[in-house]
Structures are given as C-alpha cells and as structure tokens.
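Trainee: Please show me how to read a structure one feature at a time, beginning with an enclosed space.
Mentor: Let us look at the sequence and the structure together.

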Amino acid sequence: MATSDKSKSTLSVPQKALMKMGLLRDIDLALHLPLRYEDETKLKSLALSREGENIQFLAVVKSIDVAFKPRRQLVVQVEEIIVSSESSLVTAGELCTIRFFNFYPSLQKTLAAGQRVRLRGEVRGGGLMGKTMMHPSVHSAQTPLPEVLTPVYPTTAGLPQAYLRRAVLTGLDRCVRLGAFSETIPQTFAAPGLWPLSKAVQFLHEPDPSVSVYELEDKSHPAWQRLKAEELLAQQISQLIAKRERLELRAPKLDGSLSLDLMREELKNDALIGTQADISIASITKQLLEILPFKLTNAQSRVVQEILVDLKKDTPMYRLLQGDVGSGKTVVAAIAATQCIDSGFQCVLMAPTEILAEQHFKKLVGWLSPLLEKRGLCVAWLSGSQKKKERQAMLEVTQTGQAALVVGTHAVIQDQVKFKSLGLVLIDEQHRFGVAQRLALKDKLIDLEPHLLMMSATPIPRTLAMSYYADLDVSTIDELPPGRTPVITKVITDQRRAQVISRIEAQLQLGRQVYWVCPLIEESEAIDLTNATQTHQLLRDSLPGVVVGLLHSKMPIIEKKEVMKAFTEGKMGVLVSTTVIEVGVDVPNASLMVIEHAERFGLSQLHQLRGRVGRGAAASACVLMYSSGESGKLSQTARDRLRAMAETQDGFEIARRDLEIRGPGEFFGARQSGTAMLRFADLSTDQKWLDWARNLAPILLDQFPTLAHQHVSRWLGNKLEYLKA
Ligand code: ADP
Ligand code: MG
C-alpha cells in the first residue's frame, strides 16, 4: 500500500477510509483479520430452502424492470437452474423475485434477461407470493465458486468489503512474498502446537471450508491462538522496552539527605539562638507525620515504604498508587512530596478538576505551609481561572524554586510553567488524563527526569495490570482507615421520590449533610441542567428552611467554589449537583448520597460517587434511584451495574465486575492505544498466553534483541511512541 506523501485530496473515498483505519502498510493490511466468515463455497437448491435461510444458488434471468412504486427499485425475475449429472445446466422451475433499491447500470447489465448468474442472500417469502431475495450478491454463473471461506472484515463507511478484501489480500500477498512473517519466536520457546505465524495469518484470511466455523468464530482455532500469543508477546515486550528505557534515564535521588545538611546548618544557628532545636531540625517528613491528626494505616505505611525506596534511586519512579475511594491516598502523596522537598527538589501535584485541585491545595497548605515557611518555602497554586497577577506571582515562585510544592489543574503543564528543580510529579485520578498530557509533564525537566506517582481510585484488576500496565509498578492501599461505617446501598425506583425526601429530612435533623447527584449527559447539557435545576427547586420547596445548593458544570468557577465552600463548611444541608463532585471531594459530615437516574451511570462512576459518603463516623447510605423510562424496563447491563453496587462495596470487586460487564476496551480512557493493542486476545480466556508472554518477553529481549524488536514493530508500528506515556 502506498504510504506516500500524495496529498489527501487525491485519494479516493475507500483509500481515505483505509487511511482512517490505520491500514497503511502492507503489514497493517495483512494483520487486519476477519470478523467472521461466509461460506460461498457451496450451492444450495432454492427449491429446497426455507424462509430465513442464507443460500447461494444458480439462476437464469427471466425479466428485469425498474419499478417506481412504492419506491424506485430494480425488480428481477429469475428461475433456478441446477447442475445435472453431466454437469450441464438444467432449469428447475423454482422462481424467485429479487429486488435492489440501490443499483448501478453495471448491475442491470449483469442481470440482463437470459443471463446466468449466481445469487447469494436470505430467502424470504414463499407459498403463493413466491420466494424473494433482497440485495443478494450477484456473480456471473461462469465465475468459479470460491474454494475458501469468504472473510468479512471490520470496516467503516465508504469502504466496501470487496475493496477492503482486495487491499488486504494484496497486502498479505506482498508480506508473504517478502518474508514479513518470518518467525520471531525461536523454536525452543514456541509453545507446543503453536502454528507458524505465516501459516496462521494466511489461514485466517483464506480458511479451508472444512474447518469448524465455530472454532474460527470463537477464536479457539490454532491459527487464532497463534495471533493471540503473538500480540500478547508484542504487548509484553514493548512494555518491557519502555520500562528499560526509563531505567536508562537519570532521576534525582530523593533520599532526604539535603535535610541532613540543612539540619546541621540549623543546628548551628539554633545553637547560637538556643531555641526550638528539636522541631526545626527534624525533616519536614518527620514533622508532617507528627502533626497528622491520625496514625497511618498499615497499608498506608507499606505503600509509603515502597514509594520511598523508589524515590531514593537515581532512576525515575514510575508507579501507580491505587486504593479505593477514601483509602487515604492524599496523605501518602503528601509524604512523597515532603521526601522530595527534604531532598531539595520541587514537587508538583496535578488534579483533573479545579475543585479537586483546590481541595488538595487546601489540605496540603494546611499541613505543609507552616512547616515550609520555616525554611522560607511555600506552596504555589496554579489554575486556569486565576487572575493574571496572582498567576504571575505563582509562576515566579515556581521558577525560583521558592515554591517547594506546586498544586493545580492542567495549568501546571503549560509552557510558561518553569520549575527550578522538579523532582516528583504526582497525578491524582490518573485515568482522567490523556496520554498526551502526561507526556507534556515529562518534558519539563531538561537534564533529570522527575519521579512519577499516579494515583487512582479505580483499581486495576490483576489480569489488566499484568497486561496493559506491565511496565508500571503498582502500590495498593487495600485497607480503609479505621472507624468507617459501611455505606448501606438501596436501589429504588424514582416513583418513591417522596420517601427519599423524608429520608433526607431525617439526616438533616441529625445535623448531617446530603448529596443529590443528577446525571450529566454530554450530548445534551440543556436537559441536564433542567434536570438538576428542577430537582434543586423541588428540594427547596420540600425542605423549607434548609439551604439547598446547586452545582453544575456550566457555572462560573467562582460560583462553584462558593457553593463547595458552603457545603464543606457545613453551611449547606443539601448539595444538588451534576457529576462534578465525582472525584475526590472530601466532606466527612455528608452521610447520604442520592443518585438520580442511577441507571445512566457507569459502574466505576457510581462507586466513586458513593465513596463521597461514609467518610466520617456516621452511618451512611447511598440511594440509587432509577427510572425505568417508557419501556418500563431496565437494560440488562444497567440492572447488572445496580446489582453489583448493592452487593459489594469493595472497589476491586467493582472493578472486576465492571470489566466483566464492559470488557477491557472501555475500561481505560487514558490508555486508548494500549487497549487498541489487544485486538484478538481476550484476557478472560487467554490467561495462559499472557503468562507465556510475560515469561518469554525478558528472555527474548535479552537473548534475541533483534527478533524482539522485529516482533514489536511488526505489531505496533507507529503506535509504539504512545506506550511510553
Ligand atoms: P482518597 O484515597 O479517596 O484520596 P483521601 O486521601 O481523601 O482518600 O482520604 C479520605 C479521608 O480519610 C480524609 O478525610 C483523610 O484525612 C482521612 N484519612 C486518611 N488516612 C487516614 C488514617 N490513616 N486514619 C484516619 N483517617 C484517615
Ligand atoms: Mg483522592
């Protein structure tokens, strides 16, 4: 296939469609494998066929007309012919009417009266009205029957199967001739029964009709097994390469040693002044631990140790910190930050939304500012909505290094932001960020690569972690802080709104606060708004004397902050909101969460939302209110989701079920490329190939590096760059 720099406009529609699908190189085409197959190798008698059957038969055209009623169509009468024993053609007498709503003059020519044709399609009708066939595929009767099953490829608008099939077969042919499928897996490591790649690929494009169609379709056939093994191996090798490349990078050793020097300095000064030596000589990390109002859980202490070990190395950390909502990731991040600051480097914390970033800011300022101030350092805040002057001042302290910690939204990765010495990047709710954004942060340091810690409340099920995130080290907080009461979850129909409102009243009377979440439908912000404002009004009317606030995505950020502030400070009883509170908001006094149209939310979203309550000591509840709509019925997946929510509170279990309901394709927003990478392997059935690939990847890379690289580039080509993100 031409990957030439011909301008796009000179390309035909199907060529453009091929490009759009990323089918540029011969190898891409050859590895574009069929979705399913059609058996066109056999004929079946029309006379013996039943309604609904898909058949292929020979016929002679009796008449052809263009009719105009009820709409313009080509109407062709044919009579079946069958091959007699002397292989001459004999008419069988069974008649059939075939119709086309879309047709070209060439079709009229092929179907001229008296022509013999081979037709393939679904039989309809019968009886008195006679059999009919809509839009059958048409070949001249002279065209020999195919000898292999006909592949049907995944395609897109403007790319007909026939065109795609030709392109694929041409690409395949060239690949086979040029040896593009040469083996990259040395014989000794090939699993028993593993087909050679070249044989497997060719077979899948042109399978012998004797093969079990079932084995092809459920991908259990050895040819498919080879491709699954092949792509899982490519995934493992590419991630290992990325990991090793990172190990080549130099990162600052964040061993807290600077604070030792500082301590000595300060000791001298303190000796002169003779005051408060104890507190001021301690590292900021130690001081932070002392001022925390709680003791770290065992799980928190363990992950802190894992992180500190990484930070002390001179290769960059690349670690995911996962822990259920409310498991206390923030304080772990804060300790990583102080370790970095103690070592004389700056730390940046990025959060996906302004509200969340501001919450972090306040929390971290509260903890760290007093400690930093003693060293002449500060915490800087960067956001898109801040005033120019303030922003300028923040940029300046960031550049001079006075800001030991910089907290913000995407604003922290903009070009104007210059760090003096960035040592650690913390990313909260990492799945919310795209790959490109993470890349941008990595570019900040010129000579040293900062350590990276990503946090996520959506735990990755083990198989996914082993496959998509094989290059990432993972720390898991698998324990909630003590004193949390489980959140009772109720699933009810929205017919019982009044009951829910009285429940709210009861909570308010106990001095608790309540969240009421309305769905956010991206295509229709107007509807959302009506939904949220109507609910807001309804609750105001039903709860006189209660402060009911409204928070939605279209509000100016200043107003949003005021609303959040009132709620956080306990001045507001009920907060009606679209999903803006989804991640990270921490108001321990809130004890009831009502989610309206719960059937429209994804499972992990529901889990995140529910995590907003049950953060304090009070017994908490989550009401999932669903509307069964006009059909009066919930979809199966909606029902599965709501059931999962009612049955479990364990984030890992939720993630596992989510994976089961949705499949890995949708599991990660951020790692699109990684997801696209596994086109054939299915982690729920192909664990053995994943294990095989994980074992083999380091061996290949060490002992047969050329083969390993060849293997990866064959599968991933230009997608490789993204994996490094
Ligand atoms: P998440 O992991 O969802 O980001 P947070 O860091 O926001 O969780 O912590 C949730 C709440 O738990 C916060 O109010 C935090 O101060 C509190 N918390 C964190 N660690 C502990 C602990 N070890 N003991 C008691 N409370 C804790
Ligand atoms: Mg958090």
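Trainee: How do the residues lining the second largest cavity divide by character?

Mentor: The lining of the second largest cavity divides into five nonpolar residues, four polar and one charged, where nonpolar covers Ala, Val, Leu, Ile, Met, Phe, Trp, Tyr, Cys and Pro, charged covers Asp, Glu, Lys and Arg, and polar the others, Gly among them. A cavity is a set of points on a 1 Å grid over the protein atoms alone where a 1.4 Å probe fits but cannot get out, and lining residues have an atom within 4 Å of a point. Bear in mind that this is a predicted model, in which local features need pLDDT of at least 70 and side-chain atom pairs count only at pLDDT 80 or more, while totals for chains, interfaces and linings use all residues. Residues are numbered from 1 along each chain as its sequence is written, chains are lettered from A and ligands numbered from 1 in the order written, and side-chain values use heavy atoms, without hydrogens or water.

Trainee: How many cavities does the search find, and what surrounds the second largest one?

Mentor: Over the whole structure there are two cavities of 30 Å³ or more, and the second largest holds about 40 Å³ of space, a volume being the space filled by probe spheres set on the points. Ten residues line that second cavity, and those nearest its centre are Thr458, Ser604, Gly651, Ile654 and Ala655. Helix 20 (603-610) and helix 22 (651-662) each contribute at least two lining residues, and helix 22 gives the most, with four; helices (H or I, at least four residues) and strands (E, at least two) are DSSP runs.

Trainee: Which residues lie closest to ligand 1, and how is its shell made up?

Mentor: Here a residue counts as near if one of its heavy atoms lies within 4 Å. Ligand 1 is surrounded by 17 residues, with Lys295, Gly326, Thr330, Arg484 and Asp586 the closest, and this shell comprises four nonpolar, six polar and seven charged residues. One oxygen atom of ligand 1 lies 2.6 Å from a backbone N or O atom of Gly326, and an oxygen atom of the ligand is 2.8 Å from an N or O atom in the side chain of Lys329. A side-chain N or O atom of Gln300 is likewise 2.8 Å from a nitrogen atom of ligand 1.

Trainee: What should I look for in the backbone angles?

Mentor: Most residues other than glycine have a negative phi, and most peptide bonds are trans. In this model the peptide bond from Lys69 to Pro70 is cis, with omega near -5 degrees, and Pro70 sits in the loop between strand 2 (54-67) and strand 3 (73-83). His135, which is not a glycine, has a positive phi of about 45 degrees and belongs to the loop between strand 7 (131-134) and strand 8 (137-140). His597 also has a positive phi, near 50 degrees, in the loop between strand 21 (590-595) and helix 20.

Trainee: Is His597 buried or exposed, and why?

Mentor: His597 is buried because its relative accessible area is 13%, the cut-offs being under 20% for buried, over 50% for exposed and partly exposed in between (1.4 Å probe, protein chains only). His135, at 36%, therefore counts as partly exposed.

Trainee: Where does Val613 lie, and which residue is 126 residues away from it in sequence?

Mentor: Val613 lies in the loop between helix 20 and strand 22 (620-626), and its C-alpha is 7.3 Å from that of Val487, 126 residues away in sequence. Val613 has 3% relative accessibility, so it counts as buried.

Definitions and conventions. Polar contact = N/O pair within 3.5 Å; in protein donor to acceptor, adjacent residues only side chain to side chain. 1 Å grid on protein atoms, 1.4 Å probe; cavity = no way out; pocket = protein on both sides within 12 Å on 5 of 7 lines; lining within 4 Å.
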